[in-house]
Amino acid sequence: MALLDQQPTRTCDYCGEVLRGRSDKKFCNAECRNGFHNHFATLNDAFMRKVNKILRKNRRILAELNPDGKANVHVDRLNDRGFSFNYHTHIYTTKEGREYRFCYEFGYLEFKPDWFVLVRRDQERGEKRS
Ligand SMILES: [Zn+2]
């Protein structure tokens, strides 16, 4: 069969044109290579900007609702402000196994249904200093 004798058709990863020449080529030329890298750099930046924006908003909401370093709030107050429960920077697990979720230095924990205790940590505990 003639098909078996053919080299698989390779196309440019950026513009889709059929490639000729070296078999390790991925792009037509430098322009396509740059276009490809710029395209993905832009996408990654956009995603990071989106996530950072949500995290900053969450942090602002937690800071507003927790001006004194500790507060109990109902879930409605978080939802009303547009808090995103899916986004946090890290989790702190207590010895008792309770998980505080943090957006930067502001954390929260659901201590009974729909009620959250808000906390603030200005520095990481458990961080070893030498
Ligand atoms: Zn190309």
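1. I'd start with the core. The largest nonpolar core in this predicted model has 10 residues: Ile 61, Leu 62, Leu 78, Phe 83, Phe 102, Cys 103, Phe 106, Tyr 108, Phe 116 and Leu 118. At least two residues of this core come from each of helix 2 (30-65), strand 3, strand 4 (106-112) and strand 5 (115-120). As background, nonpolar side chains in soluble globular proteins tend to be buried together.

2. Cys 103 is a handy residue to click on. Leaving aside residues up to four places away in sequence, Cys 103 touches Leu 55, Asn 58, Arg 59, Leu 62, His 88 and Thr 89. Leu 62, one of those contacts, also belongs to the largest nonpolar core.

3. Now the sheet. It is open, built from 5 strands in the order 1-5-4-3-2, with antiparallel pairing. Strand 1 (70-74) and strand 2 sit at the edges with a single partner strand each, so one side of each has no neighbour in the sheet. On average, neighbouring strands are turned by 30° against each other, direction ignored.

4. For strand 3, look at both pairings. Strand 2 (residues 90-93) and strand 3 (residues 99-103) run antiparallel and are joined by 4 bridges, with His 90 opposite Phe 102. Strand 3 and strand 4 are also antiparallel, joined by 3 bridges; here Arg 101 has Tyr 108 of strand 4 as its bridge partner. Phe 102 and Tyr 108 both turn up in the core list too.

5. One last spot to check is the hairpin of strand 2 and strand 3. There are 5 residues between the strands, and Gly 97 takes a positive phi near 90° in this hairpin.

Note on methods:
Residues numbered from 1 in each chain as written. Predicted model: local features only at pLDDT ≥ 70, side-chain atom pairs only at ≥ 80, totals over all residues. Pairing = 2+ DSSP bridges. Core = buried A, V, L, I, M, F, W, Y, C linked by C-beta atoms within 7 Å. Buried ≥ 20, exposed ≤ 12 C-beta atoms within 10 Å, placed from the backbone. Contact = placed C-beta atoms within 7 Å. Axes fitted to C-alpha atoms, helices over the stretch in contact; angles between N-to-C directions.
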